[in-house]
Amino acid sequence: MGGRGRFVVADRFATAIAGKSVPVRALLTKVEQDSRLDRAGDRLQKVVLGTLRPRRLRDLLHGVTLGHPLHPAMVQVPVGAWISAAVLDLMPGQRRPATVLVGLGTVSALPAAVAGLNDWAVLSRDQRRVGLVHAAANTVGVGLYAGSLAARLSGRHGVGRALGFLGLSAVSLGAYIGGHLAYKQGAQVNQSVSELHRMTDGWHSLADMATLPQRTLITREVDDDISVILYRHGDEVTVMLERCPHQSGPLGEGEVQEIDGHACVVCPWHGSAFRLNGGEVVQGPSGNDQQILPTRIQDGVLQTRLP
């Protein structure tokens with residue numbers, strides 16, 4: 001077949017695949033807009049926030065100590081165990097290790113679910129709707145795997161394998177919905193880092209050092225539309241992206257508080273806190289650090305640039 005023919009076939013194949021995926025995307029868009037999910041979602045949110053009260057526990061589950069969300073890392077254990085069990089179920093003489101892996105996946109799914117619910121409870125309403133369906137699919141999957149484990153332990157390995165494959169299908173659907181939640185809706189991803197991609201190279205002037213007050217948040221713009229905050233402490237000035245990584249809250253309108261001996265800016269929307277001397281997140285719900293920009297003083301003028 002000539003080159004033109006290959007291109008025609010490839011184009012038809014791509015069109016066919018895209019056409020099949022459109023209904024799925026349209027369904028998830030409807031889920032985002034379906035206010036009927038809010039009643040159940042609001043109730044579950046109250047339960048989660050009422051149960052996970054200690055801030056240190058919430059911060060641990062948000063991944064504050066890691067500098068990025070904990071939930072995606074935790075799901076690797078159950079998913080890896082279940083996929084490995086599915087492979088072993090297709091091989092003869094592997095009943096015992098497959099059973100062990102199903103058990104490991106089922107047990108490890110519980111703390112991963114707690115971390116996921118902790119993140120979910122502080123999302124926006126449209127994100128919580130999709131997250132609710134994501135959680136429902138995974139709950140069905142965990143239930144099927146629990147049944148699979150019970151069947152295997154009682155010697156009904158055929159039933160156990162069947163329930164395992166059904167469970168893998170359910171959690172795969174949940175993973176797809178989770179991908180929509182993260183990559184399409186931007187849940188728990190760094191909302192501010194995209195500002196760096198719009199910033200031009202070179203040094204940008206921000207303010208005369210003589211005009212900067214001590215220990216006060218000042219908002220300035222780079223390239224006319226990229227907002228940053230300035231914080232002067234002695235002769236040192238921090239320049240930080242202003243949009244909060246969690247949900248784009250205005251850090252320039254936040255308060256400066258001392259947390260664990262460090263001056264931190266606290267987001268006025270959801271309370272995430274970031275060290276002003278390094279950008280590290282010290283308090284959730286953000287699981288991401290905030291970007292600090294390099295600075296220099298040129299002829300008494302504070303300047304900044306891309307990292």
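Here are four short exercises, each with a worked solution, on the predicted model shown above.

**Exercise 1. The two domains**

Find which residues form each domain and work out what lies between domain 1 and domain 2.

*Solution.*
- Step 1: Start with the bounds. The domain assignment places residues 23-185 in domain 1 and residues 192-305 in domain 2.
- Step 2: Look at the spacing. From one C-alpha centre to the other is 36 Å. Each domain brings 12 residues to the contact.
- Step 3: Turn to the area. The two domains bury about 830 Å² between them, and 46% of this is on carbon and sulfur atoms. On the side of domain 1, the residues losing the most area to domain 2 are Arg55, Val64 and Val122, which together make up 47% of what that side buries.
- Step 4: Check the pairs. There are zero salt bridges between the domains, but three residue pairs are in polar contact across the interface.
- Step 5: Describe the side of domain 1 that touches domain 2. Helix 3 (residues 55-62) gives the most to this side, with three residues. By type, the side has four nonpolar, six polar and two charged residues.

**Exercise 2. Helix 8**

Compare the reach of helix 8 with the expected value, then see what follows the helix.

*Solution.*
- Step 1: Helix 8 covers residues 157-184, which is 28 residues.
- Step 2: At 1.5 Å a residue, 40 Å is expected. From first to last C-alpha, helix 8 reaches 39 Å, which is close to that value.
- Step 3: Now move past the end of the helix. Glycine 186 follows helix 8, and its phi is positive, near 75°.

**Exercise 3. A link between helices**

Which residue forms a salt bridge with lysine 184?

*Solution.*
- Step 1: The whole structure holds 10 salt bridges.
- Step 2: A salt bridge needs a nitrogen-to-oxygen distance within 4 Å. Glutamate 32 is the partner here, at 3.2 Å from N to O.
- Step 3: Place both residues. Lysine 184 belongs to helix 8 and glutamate 32 to helix 1 (residues 3-33), so this pair, 152 residues apart, links distant parts of the chain.

**Exercise 4. Two backbone details**

Locate the cis peptide bond joined to proline 285, and the positive phi of arginine 215.

*Solution.*
- Step 1: Recall the usual pattern. Most peptide bonds are trans, and most residues other than glycine have a negative phi.
- Step 2: Glycine 284 and proline 285 are joined by a cis peptide bond, with omega about 20°. Proline 285 sits in the loop between strand 8 (281-283) and strand 9 (292-293).
- Step 3: Arginine 215 is not a glycine, yet its phi is positive, about 50°. You can find arginine 215 in the loop between strand 1 (204-208) and strand 2 (217-222).

Conventions
Residues are numbered from 1 along each chain as its sequence is written. This is a predicted model: local features need pLDDT of at least 70, side-chain atom pairs count only at pLDDT 80 or more; totals for chains, interfaces and linings use all residues. Side-chain values use heavy atoms; hydrogens and water are left out. Domain bounds come from an automatic or database domain assignment. Contact means heavy atoms within 4.5 Å. Buried area is the accessible area (1.4 Å probe) that two parts lose on being put together, summed over both. A salt bridge is a side-chain nitrogen of Lys or Arg within 4 Å of a carboxyl oxygen of Asp or Glu. A polar contact is a pair of N or O atoms within 3.5 Å; within protein, one must be able to donate a hydrogen and the other to accept it, and residues adjacent in sequence count only if both atoms are side-chain atoms. Helices (H or I, at least four residues) and strands (E, at least two) are DSSP runs, numbered from the N terminus. Ala, Val, Leu, Ile, Met, Phe, Trp, Tyr, Cys and Pro count as nonpolar, Asp, Glu, Lys and Arg as charged, and the others, Gly among them, as polar. The expected span of a helix is 1.5 Å times one less than its number of residues.
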